[in-house]
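Let's take a walk through this fold, one piece at a time. Have the viewer open and follow along.

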Amino acid sequence: MMQSQPRSIRLYRLWSLLILGAIVCIDLLHRFYPQSSMYGAFDDDFFYYAQIAKHLAHGAGSTFDGIHRTNGYHPLWLLCLTLFSFGDSGRMLFPLVTITAILAVGSIFLLSMVCLRKFGVAAPGRYVIATLIAFQSELLLRGGMEIAIALPLILLLLSIYLSPRQHDALFYFRSGLLSSLCILSRLDSIFLIVLLFSFTLMAQKSPRASLGSIAVFAAGLTPLWVYFLLNKLLFKTFTPVSAQAKQLRLHRAPQLEPLRSLLHPFTTVRLLVVVPGILSTVVLLAFLLRKPDRFSPAARTVLWSLALFPIVHLAILCFLSDWPLWYWYFYPLLLSLFACMAASAAIFAPSPKAWIALAIGVSVVSLGYTTAFNVIHPPRKNALFLAARDIAGFSKTHPGIYAMGDRSGTPGYMISSPMIQLEGLVMDETYLDKLRIQPSLNSILSEYGVNYYVSSDATFKDGCYHTREPLQAGPDSACMLGAFCRQPDATFTHNGIITRIFALSGSAPQ
């Protein structure tokens, strides 16, 4: 009997390696074959990072369009991509991002194992839950977004908070330093940081000790203070313009669009991450309210923080913005699911048969989804990539300044001409000030000297093509309306998405 348990653990370890290895290999084949369509494997928003990183690495400054300085990004991920872009005109960027994603999946698995052990989960459960969380994390980071470094950093921070030893000055400084890295990798993780630190501080009995802990923690946050200071000095604003662009609200009543976008459109990622995350948040909160003493003080701090994080996150977004959420915004729900599974496994200790059944389920879902996704959605059929390739081909014979709102990341990276980003996500404070007063789109295009306007959502009515920028902004956000009473100079259609290019005054086709 003493020998069967180690053998069982070895089998679970081998199973985890095989599952995660298979997922990585399938995704590698998906991403790099054929190499000519590799761009189609990455999210459009990733190319905002990639273009700014390329400009930074080659001396053009922190710009997307090569003209306007911007801070519209999460800084730690941009720093990584800038380092990847040195020396070879960015040719190694995509392999290095892919390697980073693979390392991130491995790190998430290992750090999940560490946290689960500190929660008191038995070995079979640790392997099954960690494998499931690593697979779900891969769904959120495969497109090249900042979640690739944010999730491992957050799990590392959680492992520190789960430490049973006394919280001394070193703990607060170390957690402050790591918290600053988490925030710099994904700025909205600050809500989780505040929850973790607040629950830890509440356990202290002496106000004097609390003040000392706050001071030491604040000292650990020095990289964050430096970031805010550099933002103010270089970009005249403490916060990134990408966040401000999504908060150009006309009123401050809460909006439901962030909540609605959790389940609409109802994609497989929402089925695999959002739905379990919502259910887990409800179950975890109910369990913590009814039986809080079933966990150690350190575990309670982490569980309460992870249970409240998606609620606080969504509530604040509903007040600040009426933009929809993209799938990499779902990570708080994934963390809540992780916490619920850890708490359930630690308290109820499922039988070996239950873990075997769950392992089979994880195997079927993870391998089945990964294979099906790669077959149904090959990069060479990505409509945004195909449109970007057509725009890039058009720009070779029609040089000038281009402007585009939604879906402009990939073409902005692929064309050699400047691309004004009309949503303001990677523009500057001056542009946002203009957008706040809701000018006509045509006047903004003229003011910025745009030669070619690209739209993927123009509607034809009364002899003119009508557009709205930013397209993704909700009805309570500032926007610009445009009208183009001439036929487009180029039209491309891919998978139902119609992209039109309008040459503006003085930009006749060559």
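How many bridges join strand 7 to strand 8? Five, and the two strands run antiparallel. Keep in mind that you're looking at a predicted model. If you'd like one spot to anchor your eye on this pair, go to Thr 491, whose bridge partner in strand 8 is Arg 500.

Now step back to the sheet that holds this pair. Five strands make up an open sheet, lined up in the order 2-1-3-8-7, and the pairing is mixed. Strand 2 (419-421) and strand 7 (490-494) sit at the edges with a single partner strand each, so each has one side left without a neighbour in the sheet. Going from one strand to the next, the twist averages 20°.

Where does the mix come from? Look at strand 3. With strand 1 it pairs in the parallel sense, over three bridges, and here Ala 403 stands opposite Tyr 453 in strand 3. With strand 8, strand 3 runs antiparallel, and four bridges join the two. Val 454 and Ile 501 of strand 8 stand opposite each other in that pairing. As for the glue, strands of a sheet pair through backbone hydrogen bonds, in either the parallel or the antiparallel sense.

The side chains of strand 3 are worth a look too. Tyr 452 and Val 454 point one way, while Tyr 453 and Ser 455 point the other way. Buried or exposed? All four of these residues are buried.

A helix also belongs in this picture. Helix 17 (residues 383-397) packs on the five-strand sheet, where it touches strand 1 (402-404), strand 3 (452-455), strand 7 and strand 8. The direction of helix 17 makes about 160° with that of strand 7.

There's a second sheet to find. This one is open as well, with three strands in the order 4-5-6 and antiparallel pairing. Its edges are strand 4 (459-461) and strand 6 (480-484); each has a single partner strand, so one side of each lacks a neighbour in the sheet. Here the twist averages 30° from one strand to the next. Three bridges join strand 4 to strand 5 (residues 464-469), and the two run antiparallel. Look for Lys 461, which stands opposite Cys 464 in strand 5.

Next, leave the sheets for a pair of helices. The axes of helix 5 (residues 123-141) and helix 15 (residues 331-348) come within 11 Å and cross at roughly 175°. Angles over 145 degrees count as roughly antiparallel, and therefore that is how helix 5 and helix 15 lie to each other. What meets what between helix 5 and helix 15? From helix 5 come Ile 129, Leu 132, Ile 133, Gln 136, Ser 137 and Leu 140. From helix 15 come Tyr 331, Leu 334, Leu 337, Phe 338, Met 341, Ala 342 and Ala 345. Sorted by type, the residues of this contact are eleven nonpolar, two polar and no charged.

Finally, zoom out to the whole chain. You'll count 20 helices and eight strands. The radius of gyration is 24 Å, close to the 24 Å that the globule rule gives for 510 residues, so the chain is as compact as a globular protein of that length. Along the principal axes, the C-alpha atoms fill a box of roughly 80 × 55 × 45 Å. Of the 510 residues, 56% count as buried. And among contacts between residues at least 6 apart in sequence, 72% join residues at least 24 apart.

How values were computed: Residues are numbered from 1 along each chain as its sequence is written. This is a predicted model: local features need pLDDT of at least 70, side-chain atom pairs count only at pLDDT 80 or more; totals for chains, interfaces and linings use all residues. Side-chain values use heavy atoms; hydrogens and water are left out. Two strands pair if DSSP finds at least two bridges between them. Axes are lines fitted to C-alpha atoms, for helices over the stretch in contact, and angles run from 0 to 180 degrees between N-to-C directions. Contact means heavy atoms within 4.5 Å. Angles under 35 degrees count as roughly parallel, over 145 as roughly antiparallel, 65 to 115 as roughly perpendicular and the rest as oblique. Ala, Val, Leu, Ile, Met, Phe, Trp, Tyr, Cys and Pro count as nonpolar, Asp, Glu, Lys and Arg as charged, and the others, Gly among them, as polar. The radius of gyration is taken over C-alpha atoms; the globule rule is 2.2 Å times the number of residues to the power 0.38. Buried means under 20% relative accessible area, exposed over 50%, partly exposed in between (1.4 Å probe, protein chains only).
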